[in-house]
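Biologist: Could you take me through one small part of this model up close, and then show me how it sits within the rest? I work at the bench, so plain words are welcome.

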Amino acid sequence: MLQPPYTHYDRLYVYHLDLKAIPEVNDPDLIGVWIEDDMAVLFFHLPKEDLVASICRQYNCNLVYHADMDYRDWESGQEISSFTTGNITVAPVWENVPADIRLDPSVIFGTGFHPTTRICLDLLLTYCTTPEIKISSVLDLGTGTGLLGIAAAMHGATKVTAVDNNPLACQVAQANCRLNTVEDRVDVRQLDLRTNLPDTGQYNLVVANLYKGLLEELFDNPSFWQADLYILSGFIHSMEADLLAAFPTESLRFLDRKRADKWCVWVLANKERYVS
Ligand SMILES: C[S@@+](CC[C@H](N)C(=O)[O-])C[C@H]1O[C@@H](n2cnc3c(N)ncnc32)[C@H](O)[C@@H]1O
């Protein structure tokens, strides 16, 4: 995340260590640390070879890979800038434009530039602002930057739970909630959905922009299907057949099915709980 004096991201210096824990790093140029595939991944604004060598000595681990890149390349060559969808404008913190939602995206998924985030956001806003539907509680699974949860909280949801297993995503989502003054309505939780799924029955809407393997695991779990409505994404057209085969058709019906590029988003309703 951005800490003073930093106000934007320029270069990223990324170090992968074969360490399964998050090391304690006190450095003014640190952006954040996460664990991925049993590696600790450290992100800095500046090169940190000496610091990383000393962390390796302290934690008895090795530097496996390191890279430096333009922040834009981290985001697939796209410059992160403000965008408007529906009637809301989302802007990164470094852009001085009027905006409804401000985000420090850090190195976390969910800037709004990925097609899946964008369609999920559009659909979420549509459902949250349709008076007949009455969405007061939202479960955002794989929240990333927190964007979808924040949008829900700003558009009528009084109870939002935003879950991610990446500790840095949770820190970033929490900071973004504070930035948008919705921290009283959004409860950010660090949970692994494979082992720790919140009680979906307590929510009107579940938004889950994840990936195929995890969605299949969740689809298989009857506890996943206790909410009224679902916005599901993170899969491409060629994966739809496998996912269709994995969900309980007897208790769900399609309300909407959208595509952008190769990406798909489904909106499903629980036949028992959603009447419209
Ligand atoms: C595709 S990103 C979506 C981020 C954001 N919701 C959006 O729509 O842009 C998926 C998120 O799910 C999180 N995630 C992946 N596996 C997870 C798991 N097992 N439990 C919880 N979160 C997980 C990732 O850390 C990532 O932030």
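In the hairpin of β2 and β3, which residue takes a positive phi, and how many residues stand between the strands?

Modeller: Happy to! Please keep in mind that this is a predicted model. The residue you are after is Asp37, whose phi is positive and near 50 degrees, and the hairpin of β2 and β3 has 2 residues between its strands.

Let's walk outward from that turn. Strands β2 and β3 run antiparallel and are joined by 6 bridges. On the way along the pair you will find Val33 opposite Leu42 of β3. Strand β3 has another partner as well: β1, residues 11–17, is antiparallel to β3 and linked to it by 5 bridges. Here Tyr15 is the residue that stands opposite Leu42. So where does that leave β3, covered or open? Mostly covered: of the 6 residues in this strand (39–44), 5 are buried.

If you follow the chain back from β1, you reach the segment before that strand, which holds Pro5. The peptide bond from Pro4 to Pro5 is cis there, with an omega near 10 degrees.

Now for the wider setting of your hairpin. The domain assignment splits the protein chain into domain 1, residues 11–74, and domain 2, residues 83–270. Taken over C-alpha atoms, the centres of the two domains are 29 Å apart. Domain 1 gives 8 residues to their contact and domain 2 gives 6. Your strand β2 (residues 30–36) has a part in this: with 4 residues, β2 supplies the largest share of the side of domain 1 that touches domain 2. That side of domain 1 is made up of 7 nonpolar residues and 1 polar residue, with no charged ones.

Asp37 also has company in its backbone geometry. Lys134, which is not a glycine, has a positive phi near 55 degrees, and this lysine lies in the loop between α3 and β8. Lys134 is exposed, because just 11 other C-beta atoms lie within 10 Å, where 12 or fewer counts as exposed. Asp261 is a further non-glycine residue with a positive phi, about 50 degrees; you can find Asp261 in the loop between β13 and β14. Asp261 is exposed too, with 10 other C-beta atoms within 10 Å.

The loop of Lys134 brings us to helix α3. Its 14 residues span 20 Å from the first C-alpha to the last, close to the 20 Å expected at 1.5 Å a residue. Of those 14 residues 10 are buried, so α3 is largely enclosed by the rest of the structure. Among the buried ones are Thr117, Arg118, Leu121 and Tyr127. The elements covering them include α4, β11 and β12, along with β13 and β14.

One last stop is the ligand. There are 21 residues around it, and those that come nearest are Gly110, Thr117, Gly142, Gly144 and Asn209. Helix α3 and strand β9 (159–164) are the elements that each give two or more residues to this shell. By class, the shell has 10 polar, 8 nonpolar and 3 charged residues.

How values were computed. Residues are numbered from 1 along each chain as its sequence is written. This is a predicted model: local features need pLDDT of at least 70, side-chain atom pairs count only at pLDDT 80 or more; totals for chains, interfaces and linings use all residues. A residue is near a molecule or strand if its C-beta atom, placed from the backbone, lies within 6 Å of it. Ala, Val, Leu, Ile, Met, Phe, Trp, Tyr, Cys and Pro count as nonpolar, Asp, Glu, Lys and Arg as charged, and the others, Gly among them, as polar. Domain bounds come from an automatic or database domain assignment. Two residues are in contact if their C-beta atoms, placed from the backbone, lie within 7 Å. The expected span of a helix is 1.5 Å times one less than its number of residues. A residue is buried if 20 or more other C-beta atoms lie within 10 Å of its own, exposed if 12 or fewer, and partly exposed in between; C-beta atoms are placed from the backbone. Two strands pair if DSSP finds at least two bridges between them.
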